[in-house]
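Student: Before I rely on the labels attached to a model, I would like to hear the reasoning behind each of them. Could we go through them one at a time?

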Amino acid sequence: MSEKPIAEGGASYAAAGVDIEAGDRAVELMKEWVKKAQRPEVLGGLGGFAGLFDASALKNYERPLLASATDGVGTKVDIARQLGVYDSIGHDLVAMVMDDIVVCGAEPLFMTDYICVGKVHPERVAAIVKGIAEGCVLAGCALVGGETAEHPGLLGEDDFDVAGAGTGVVEADRLLGADRIRSGDAVIAMASSGLHSNGYSLVRHVLLNQAGLALDAHIEELGRTLGEELLEPTKIYSLDCLALMRTTEVHAFSHITGGGLAANLARVVPDELHAIVDRSTWTPAPIFDLVGRTGSVERLELEKTLNMGVGMIAIVAQESVDVALATLADRGVDAWVAGEITDRGEHPTGAALIGDYAS
(Lines give C-alpha, C1' and ligand atoms only; values in the text may rest on other atoms or scores of the structure.)
Protein backbone atom coordinates (compact mmCIF):
# COMPACT_ATOMS: atom_id res chain seq x y z
CA MET A 1 0.00 0.00 0.00
CA SER A 2 1.45 3.34 -0.97
CA GLU A 3 1.38 6.17 1.53
CA LYS A 4 -0.09 9.56 0.70
CA PRO A 5 2.77 12.05 0.52
CA ILE A 6 2.93 14.66 3.26
CA ALA A 7 2.71 18.24 2.05
CA GLU A 8 5.98 20.10 2.02
CA GLY A 9 6.66 21.55 5.43
CA GLY A 10 4.22 19.18 7.13
CA ALA A 11 0.72 19.79 8.40
CA SER A 12 -0.15 23.00 10.27
CA TYR A 13 -3.03 24.54 12.19
CA ALA A 14 -3.36 27.21 9.50
CA ALA A 15 -3.51 24.59 6.76
CA ALA A 16 -6.28 22.88 8.73
CA GLY A 17 -8.25 26.11 8.58
CA VAL A 18 -7.52 27.84 11.89
CA ASP A 19 -6.01 31.31 11.67
CA ILE A 20 -4.39 32.19 15.01
CA GLU A 21 -3.26 35.60 13.79
CA ALA A 22 -6.82 36.51 12.78
CA GLY A 23 -7.99 35.48 16.24
CA ASP A 24 -5.39 37.71 17.86
CA ARG A 25 -6.49 40.64 15.71
CA ALA A 26 -10.11 40.04 16.67
CA VAL A 27 -9.13 40.26 20.34
CA GLU A 28 -7.35 43.57 19.74
CA LEU A 29 -10.37 45.00 17.92
CA MET A 30 -12.83 43.99 20.64
CA LYS A 31 -10.83 45.40 23.56
CA GLU A 32 -12.22 48.92 23.22
CA TRP A 33 -15.78 47.63 23.44
CA VAL A 34 -15.16 45.35 26.40
CA LYS A 35 -13.71 48.33 28.30
CA LYS A 36 -17.06 50.08 27.98
CA ALA A 37 -18.90 47.18 29.66
CA GLN A 38 -17.31 47.32 33.11
CA ARG A 39 -18.23 47.63 36.76
CA PRO A 40 -15.98 48.76 39.64
CA GLU A 41 -15.75 45.17 40.88
CA VAL A 42 -14.02 43.89 37.72
CA LEU A 43 -10.30 43.19 38.08
CA GLY A 44 -7.72 42.75 35.35
CA GLY A 45 -8.24 43.13 31.65
CA LEU A 46 -9.08 41.16 28.55
CA GLY A 47 -6.74 38.30 27.70
CA GLY A 48 -6.49 36.37 30.96
CA PHE A 49 -7.60 32.80 31.36
CA ALA A 50 -10.47 33.83 33.64
CA GLY A 51 -12.45 37.00 34.27
CA LEU A 52 -12.12 38.33 37.81
CA PHE A 53 -14.92 39.93 39.84
CA ASP A 54 -14.31 41.29 43.35
CA ALA A 55 -16.89 39.45 45.47
CA SER A 56 -16.12 41.54 48.57
CA ALA A 57 -18.93 43.80 47.37
CA LEU A 58 -21.30 41.03 48.46
CA LYS A 59 -20.34 41.65 52.10
CA ASN A 60 -22.97 44.38 52.09
CA TYR A 61 -25.63 41.68 51.75
CA GLU A 62 -27.06 39.85 54.76
CA ARG A 63 -27.54 36.64 52.77
CA PRO A 64 -26.55 37.06 49.14
CA LEU A 65 -27.97 34.55 46.67
CA LEU A 66 -26.18 34.19 43.33
CA ALA A 67 -28.40 33.75 40.29
CA SER A 68 -27.05 32.34 37.03
CA ALA A 69 -28.40 31.76 33.54
CA THR A 70 -27.15 30.78 30.13
CA ASP A 71 -28.71 31.11 26.69
CA GLY A 72 -28.15 31.83 23.02
CA VAL A 73 -29.97 33.69 20.26
CA GLY A 74 -31.14 30.75 18.18
CA THR A 75 -31.66 30.88 14.44
CA LYS A 76 -31.91 34.67 14.45
CA VAL A 77 -28.15 34.53 13.84
CA ASP A 78 -28.86 33.26 10.33
CA ILE A 79 -30.72 36.51 9.54
CA ALA A 80 -27.68 38.45 10.70
CA ARG A 81 -25.42 36.26 8.58
CA GLN A 82 -27.52 36.69 5.44
CA LEU A 83 -27.65 40.45 5.86
CA GLY A 84 -24.03 40.80 6.93
CA VAL A 85 -25.11 42.74 10.03
CA TYR A 86 -23.23 41.64 13.13
CA ASP A 87 -23.36 44.51 15.63
CA SER A 88 -26.88 44.02 17.00
CA ILE A 89 -27.10 40.29 17.70
CA GLY A 90 -25.15 40.82 20.94
CA HIS A 91 -28.03 42.87 22.36
CA ASP A 92 -30.22 39.81 21.88
CA LEU A 93 -27.74 37.60 23.70
CA VAL A 94 -27.52 39.86 26.75
CA ALA A 95 -31.30 40.22 26.89
CA MET A 96 -31.89 36.48 26.78
CA VAL A 97 -29.47 35.89 29.66
CA MET A 98 -29.84 38.91 31.92
CA ASP A 99 -33.61 39.28 31.65
CA ASP A 100 -33.86 35.70 32.90
CA ILE A 101 -31.63 36.57 35.85
CA VAL A 102 -33.60 39.66 36.88
CA VAL A 103 -36.86 37.66 37.02
CA CYS A 104 -35.96 36.46 40.54
CA GLY A 105 -35.10 40.01 41.57
CA ALA A 106 -31.36 39.64 41.07
CA GLU A 107 -29.11 42.51 39.99
CA PRO A 108 -27.02 41.49 36.96
CA LEU A 109 -23.31 41.47 37.82
CA PHE A 110 -21.25 40.00 35.01
CA MET A 111 -21.40 37.99 31.82
CA THR A 112 -19.17 35.86 29.60
CA ASP A 113 -19.72 35.03 25.95
CA TYR A 114 -18.88 32.23 23.51
CA ILE A 115 -18.64 32.97 19.79
CA CYS A 116 -18.22 30.06 17.41
CA VAL A 117 -17.34 30.78 13.76
CA GLY A 118 -16.42 28.83 10.66
CA LYS A 119 -13.67 31.32 9.90
CA VAL A 120 -12.43 34.23 12.00
CA HIS A 121 -13.13 37.53 10.30
CA PRO A 122 -11.72 39.90 12.94
CA GLU A 123 -14.02 42.81 12.12
CA ARG A 124 -17.11 40.59 12.28
CA VAL A 125 -16.13 39.09 15.62
CA ALA A 126 -15.39 42.55 16.99
CA ALA A 127 -18.80 43.75 15.78
CA ILE A 128 -20.51 40.88 17.61
CA VAL A 129 -18.61 41.70 20.81
CA LYS A 130 -19.48 45.38 20.35
CA GLY A 131 -23.17 44.45 20.49
CA ILE A 132 -22.65 42.26 23.54
CA ALA A 133 -20.76 45.04 25.34
CA GLU A 134 -23.44 47.61 24.50
CA GLY A 135 -26.07 45.18 25.75
CA CYS A 136 -24.17 44.70 29.00
CA VAL A 137 -24.19 48.47 29.53
CA LEU A 138 -27.97 48.49 29.05
CA ALA A 139 -28.33 45.62 31.53
CA GLY A 140 -26.00 47.21 34.10
CA CYS A 141 -23.56 44.30 34.10
CA ALA A 142 -19.91 43.80 33.16
CA LEU A 143 -18.52 41.75 30.29
CA VAL A 144 -15.62 39.98 32.01
CA GLY A 145 -14.46 37.65 29.27
CA GLY A 146 -15.33 35.20 26.57
CA GLU A 147 -14.11 32.76 23.96
CA THR A 148 -13.94 32.85 20.19
CA ALA A 149 -13.66 29.42 18.58
CA GLU A 150 -12.90 28.73 14.93
CA HIS A 151 -14.46 25.49 13.63
CA PRO A 152 -13.43 24.96 10.00
CA GLY A 153 -15.02 21.94 8.41
CA LEU A 154 -17.95 22.02 10.83
CA LEU A 155 -19.22 25.50 9.96
CA GLY A 156 -19.13 27.38 6.68
CA GLU A 157 -16.80 30.38 6.41
CA ASP A 158 -19.64 32.82 7.10
CA ASP A 159 -21.49 30.73 9.69
CA PHE A 160 -21.46 31.63 13.36
CA ASP A 161 -23.31 31.13 16.62
CA VAL A 162 -23.27 32.90 19.98
CA ALA A 163 -24.00 31.89 23.54
CA GLY A 164 -23.50 33.50 26.91
CA ALA A 165 -23.69 32.95 30.65
CA GLY A 166 -24.39 35.51 33.34
CA THR A 167 -24.41 35.91 37.10
CA GLY A 168 -26.46 38.19 39.35
CA VAL A 169 -27.12 38.62 43.06
CA VAL A 170 -30.22 39.11 45.18
CA GLU A 171 -30.73 39.48 48.91
CA ALA A 172 -32.41 36.30 50.16
CA ASP A 173 -35.34 38.12 51.75
CA ARG A 174 -35.97 40.03 48.50
CA LEU A 175 -36.11 36.95 46.30
CA LEU A 176 -39.14 37.19 44.01
CA GLY A 177 -41.37 34.31 43.01
CA ALA A 178 -44.60 32.38 43.36
CA ASP A 179 -44.67 32.48 47.16
CA ARG A 180 -45.13 36.27 47.09
CA ILE A 181 -48.06 36.36 44.67
CA ARG A 182 -51.52 37.06 46.10
CA SER A 183 -55.04 37.00 44.70
CA GLY A 184 -55.88 40.50 43.47
CA ASP A 185 -52.36 41.31 42.28
CA ALA A 186 -52.15 43.16 38.98
CA VAL A 187 -50.46 41.72 35.89
CA ILE A 188 -48.52 44.51 34.21
CA ALA A 189 -47.29 43.89 30.67
CA MET A 190 -44.22 45.55 29.17
CA ALA A 191 -44.18 45.85 25.39
CA SER A 192 -41.67 43.88 23.37
CA SER A 193 -39.60 45.52 20.65
CA GLY A 194 -40.80 42.91 18.17
CA LEU A 195 -40.11 39.21 17.80
CA HIS A 196 -37.14 39.40 20.20
CA SER A 197 -35.14 36.14 19.84
CA ASN A 198 -37.67 33.33 19.90
CA GLY A 199 -39.66 31.51 17.24
CA TYR A 200 -37.30 32.31 14.38
CA SER A 201 -37.44 28.76 13.05
CA LEU A 202 -41.18 29.28 12.48
CA VAL A 203 -40.74 32.85 11.23
CA ARG A 204 -38.01 31.90 8.76
CA HIS A 205 -39.99 28.89 7.54
CA VAL A 206 -43.13 30.95 6.93
CA LEU A 207 -41.73 34.20 5.55
CA LEU A 208 -38.54 33.10 3.80
CA ASN A 209 -39.11 29.48 2.80
CA GLN A 210 -42.87 29.28 2.18
CA ALA A 211 -43.64 32.83 1.07
CA GLY A 212 -40.24 33.43 -0.54
CA LEU A 213 -39.99 36.99 0.79
CA ALA A 214 -36.64 38.70 0.38
CA LEU A 215 -34.91 40.17 3.44
CA ASP A 216 -34.27 43.41 1.54
CA ALA A 217 -37.93 43.71 0.46
CA HIS A 218 -39.77 46.74 1.86
CA ILE A 219 -42.92 45.56 3.62
CA GLU A 220 -45.55 48.30 3.69
CA GLU A 221 -47.25 47.20 6.91
CA LEU A 222 -43.90 47.03 8.71
CA GLY A 223 -42.74 50.41 7.45
CA ARG A 224 -39.28 49.03 6.68
CA THR A 225 -37.54 46.07 5.10
CA LEU A 226 -38.22 42.57 6.33
CA GLY A 227 -34.57 42.17 7.32
CA GLU A 228 -34.64 45.32 9.45
CA GLU A 229 -37.74 44.06 11.23
CA LEU A 230 -36.32 40.60 11.86
CA LEU A 231 -33.05 42.00 13.22
CA GLU A 232 -34.72 44.44 15.64
CA PRO A 233 -32.77 43.86 18.89
CA THR A 234 -34.45 42.22 21.86
CA LYS A 235 -35.40 44.78 24.50
CA ILE A 236 -33.36 44.57 27.70
CA TYR A 237 -35.59 45.08 30.75
CA SER A 238 -33.10 44.41 33.57
CA LEU A 239 -32.69 47.97 34.85
CA ASP A 240 -36.41 48.69 34.37
CA CYS A 241 -37.29 45.70 36.56
CA LEU A 242 -34.80 46.76 39.23
CA ALA A 243 -36.31 50.26 39.19
CA LEU A 244 -39.75 48.72 39.80
CA MET A 245 -38.38 46.81 42.77
CA ARG A 246 -37.09 50.05 44.28
CA THR A 247 -40.34 51.98 43.86
CA THR A 248 -43.16 49.43 44.13
CA GLU A 249 -44.21 46.19 45.75
CA VAL A 250 -43.26 43.69 43.05
CA HIS A 251 -44.12 40.07 43.74
CA ALA A 252 -42.80 38.38 40.59
CA PHE A 253 -41.56 38.87 37.05
CA SER A 254 -41.92 36.63 34.02
CA HIS A 255 -39.65 36.90 30.97
CA ILE A 256 -41.75 36.08 27.89
CA THR A 257 -39.57 33.93 25.66
CA GLY A 258 -40.01 30.52 24.02
CA GLY A 259 -43.37 29.05 24.99
CA GLY A 260 -45.19 32.37 24.81
CA LEU A 261 -46.98 34.53 27.34
CA ALA A 262 -49.29 32.01 29.00
CA ALA A 263 -46.69 29.28 29.47
CA ASN A 264 -44.02 31.63 30.85
CA LEU A 265 -46.45 33.41 33.16
CA ALA A 266 -47.67 30.05 34.47
CA ARG A 267 -44.10 29.27 35.58
CA VAL A 268 -44.34 31.85 38.39
CA VAL A 269 -48.00 31.45 39.42
CA PRO A 270 -48.59 29.25 42.52
CA ASP A 271 -50.85 26.22 42.25
CA GLU A 272 -53.69 27.76 44.25
CA LEU A 273 -53.91 30.87 42.04
CA HIS A 274 -54.63 31.68 38.40
CA ALA A 275 -53.48 34.48 36.10
CA ILE A 276 -55.95 35.94 33.61
CA VAL A 277 -54.59 38.14 30.82
CA ASP A 278 -56.95 40.13 28.59
CA ARG A 279 -55.80 40.26 24.96
CA SER A 280 -57.98 43.32 24.32
CA THR A 281 -55.60 45.49 26.38
CA TRP A 282 -53.02 45.67 23.59
CA THR A 283 -52.43 45.38 19.86
CA PRO A 284 -49.54 43.13 18.75
CA ALA A 285 -47.11 44.73 16.28
CA PRO A 286 -47.78 44.04 12.57
CA ILE A 287 -45.00 41.43 12.31
CA PHE A 288 -47.06 38.97 14.36
CA ASP A 289 -50.05 39.27 12.07
CA LEU A 290 -47.78 38.99 9.03
CA VAL A 291 -46.39 35.67 10.25
CA GLY A 292 -49.80 34.33 11.21
CA ARG A 293 -51.58 35.43 8.05
CA THR A 294 -48.81 34.46 5.63
CA GLY A 295 -48.36 30.99 7.08
CA SER A 296 -52.00 30.38 8.04
CA VAL A 297 -50.66 29.79 11.55
CA GLU A 298 -53.39 29.16 14.13
CA ARG A 299 -53.55 31.68 16.97
CA LEU A 300 -52.74 29.10 19.62
CA GLU A 301 -49.61 28.10 17.71
CA LEU A 302 -48.55 31.74 17.38
CA GLU A 303 -49.15 32.40 21.07
CA LYS A 304 -47.12 29.43 22.26
CA THR A 305 -44.24 30.28 19.91
CA LEU A 306 -44.01 34.10 19.82
CA ASN A 307 -44.26 36.79 22.51
CA MET A 308 -47.16 38.51 20.68
CA GLY A 309 -46.00 41.96 21.77
CA VAL A 310 -45.25 41.37 25.46
CA GLY A 311 -41.63 40.89 26.48
CA MET A 312 -41.81 41.04 30.28
CA ILE A 313 -44.54 40.72 32.90
CA ALA A 314 -44.49 42.27 36.37
CA ILE A 315 -46.91 41.02 38.99
CA VAL A 316 -47.42 43.78 41.55
CA ALA A 317 -49.66 44.53 44.49
CA GLN A 318 -52.84 46.30 43.39
CA GLU A 319 -51.98 49.42 45.40
CA SER A 320 -48.65 49.69 43.53
CA VAL A 321 -50.12 49.82 40.03
CA ASP A 322 -50.11 53.60 39.54
CA VAL A 323 -46.54 54.01 40.78
CA ALA A 324 -45.39 51.03 38.72
CA LEU A 325 -46.86 52.41 35.51
CA ALA A 326 -45.44 55.86 36.25
CA THR A 327 -41.99 54.40 36.93
CA LEU A 328 -41.98 52.50 33.66
CA ALA A 329 -43.31 55.50 31.72
CA ASP A 330 -40.51 57.66 33.14
CA ARG A 331 -38.05 55.08 31.84
CA GLY A 332 -39.63 55.06 28.38
CA VAL A 333 -41.17 51.61 28.73
CA ASP A 334 -44.59 51.09 27.16
CA ALA A 335 -46.56 49.24 29.86
CA TRP A 336 -50.18 48.61 30.83
CA VAL A 337 -52.36 46.54 33.16
CA ALA A 338 -53.08 43.41 31.15
CA GLY A 339 -54.80 41.23 33.73
CA GLU A 340 -54.99 40.05 37.31
CA ILE A 341 -54.28 37.20 39.66
CA THR A 342 -57.38 35.38 40.90
CA ASP A 343 -58.19 32.43 43.12
CA ARG A 344 -58.04 29.20 41.19
CA GLY A 345 -61.77 28.47 41.47
CA GLU A 346 -62.96 26.70 38.35
CA HIS A 347 -59.86 27.68 36.42
CA PRO A 348 -56.95 25.29 35.94
CA THR A 349 -53.75 26.39 37.65
CA GLY A 350 -51.45 28.60 35.58
CA ALA A 351 -52.41 31.38 33.18
CA ALA A 352 -55.02 31.97 30.49
CA LEU A 353 -55.51 34.55 27.79
CA ILE A 354 -59.06 35.82 27.22
CA GLY A 355 -60.73 38.06 24.66
CA ASP A 356 -59.51 39.20 21.26
CA TYR A 357 -56.53 41.43 20.57
CA ALA A 358 -57.28 45.13 20.25
CA SER A 359 -57.37 46.29 16.66
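Tutor: What follows is a set of questions about labels in this predicted model, each settled by setting a value against a cut-off.

Student: Why are helices H3 and H4 called oblique to each other?

Tutor: The axes of H3, residues 89-101, and H4, residues 122-139, come within 6 Å and cross at roughly 40 degrees. Angles under 35 degrees count as roughly parallel and those from 65 to 115 as roughly perpendicular, and H3 and H4 are therefore oblique to each other. The crossing of these two helices is right-handed.

Student: Which residues make the contact between H3 and H4, and what classes do they belong to?

Tutor: On the H3 side the contact is made by Ile89, Gly90, His91, Leu93, Val94 and Met98, while H4 contributes Ile128, Gly131, Ile132, Glu134, Gly135, Cys136, Leu138 and Ala139. Sorted by class, the contact of H3 with H4 has 9 nonpolar, 4 polar and 1 charged residues.

Student: Cys136 is among those residues of H4, so how do you know that Cys136 is not bonded to Cys141?

Tutor: A disulfide requires cysteine sulfur atoms within 2.5 Å, whereas the sulfur of Cys136 is 3.6 Å from the closest cysteine sulfur, in Cys141, and that is too far for a bond. Seen from the other side, Cys141 is in no disulfide, with the sulfur of Cys136 as its nearest cysteine sulfur. The structure as a whole holds 0 disulfides.

Student: What makes Cys136 and Cys141 count as buried?

Tutor: The cut-off for buried is under 20% relative accessible area. Cys136 has a relative accessible area of 0%, and Cys141 has a relative accessibility of 2%, so each of these cysteines counts as buried.

Student: Why is Asp240 called buried, and what does it touch?

Tutor: Asp240 is placed in helix H7, residues 238-247, and its relative accessibility is 5%; set against the limit of under 20%, that value counts as buried. Not counting residues up to four places away in sequence, Asp240 touches Lys235, Leu328, Arg331 and Val333.

Student: How does H7 pass helix H11?

Tutor: The crossing of H7 and H11 is right-handed, and the axes of H7 and H11, the latter spanning residues 321-330, come within 10 Å and cross at roughly 140 degrees. Asp240 appears again here, since the contact is made by Asp240, Ala243, Leu244 and Thr247 of H7 together with Val323, Ala324, Thr327 and Leu328 of H11. By class, the residues of this contact divide into 5 nonpolar, 2 polar and 1 charged.

Student: Met245 is also in H7; is it buried or exposed?

Tutor: At 9% relative accessibility Met245 counts as buried, the limit being under 20%. Leaving aside neighbours within four places in sequence, Met245 is in contact with Gly105, Arg174, Leu176, Val250 and Phe253. The C-alpha atoms of Met245 and Arg174 are separated by 9.2 Å, although these two residues are 71 residues apart along the chain.

Student: What covers the buried residues of helix H9?

Tutor: In H9, residues 286-295, the buried residues are Ile287, Phe288, Leu290, Val291 and Gly292, and what covers them includes helix H5, strand E8, helix H6 and helix H10. In H5, Tyr200, Leu202, Val203, Val206, Leu207 and Leu208 are buried, and these pack against helix H2, H6 and H9.

Student: What makes the phi values of His196 and Met308 worth a remark?

Tutor: Most residues other than glycine have a negative phi. Phi of His196 is near 60 degrees, a positive value in a residue other than glycine, and phi of Met308, likewise positive, is near 55 degrees. His196 is found in the loop between strand E7 and H5, whereas Met308 lies in the loop between H10 and strand E12. His196 counts as buried at 2% relative accessibility, and Met308 counts as buried at 6%.

Student: Where do positive phi values occur just after H9 and following H5?

Tutor: Just after H9, Ser296 takes a positive phi of about 50 degrees, and H5 is followed by Gly212, whose phi is positive, near 70 degrees.

Notes:
Residues are numbered from 1 along each chain as its sequence is written. This is a predicted model: local features need pLDDT of at least 70, side-chain atom pairs count only at pLDDT 80 or more; totals for chains, interfaces and linings use all residues. Side-chain values use heavy atoms; hydrogens and water are left out. Axes are lines fitted to C-alpha atoms, for helices over the stretch in contact, and angles run from 0 to 180 degrees between N-to-C directions. Helices (H or I, at least four residues) and strands (E, at least two) are DSSP runs, numbered from the N terminus. Angles under 35 degrees count as roughly parallel, over 145 as roughly antiparallel, 65 to 115 as roughly perpendicular and the rest as oblique. A crossing is left-handed if the near helix is turned anticlockwise from the far one by less than a right angle, and right-handed if clockwise. Contact means heavy atoms within 4.5 Å. Ala, Val, Leu, Ile, Met, Phe, Trp, Tyr, Cys and Pro count as nonpolar, Asp, Glu, Lys and Arg as charged, and the others, Gly among them, as polar. Buried means under 20% relative accessible area, exposed over 50%, partly exposed in between (1.4 Å probe, protein chains only).
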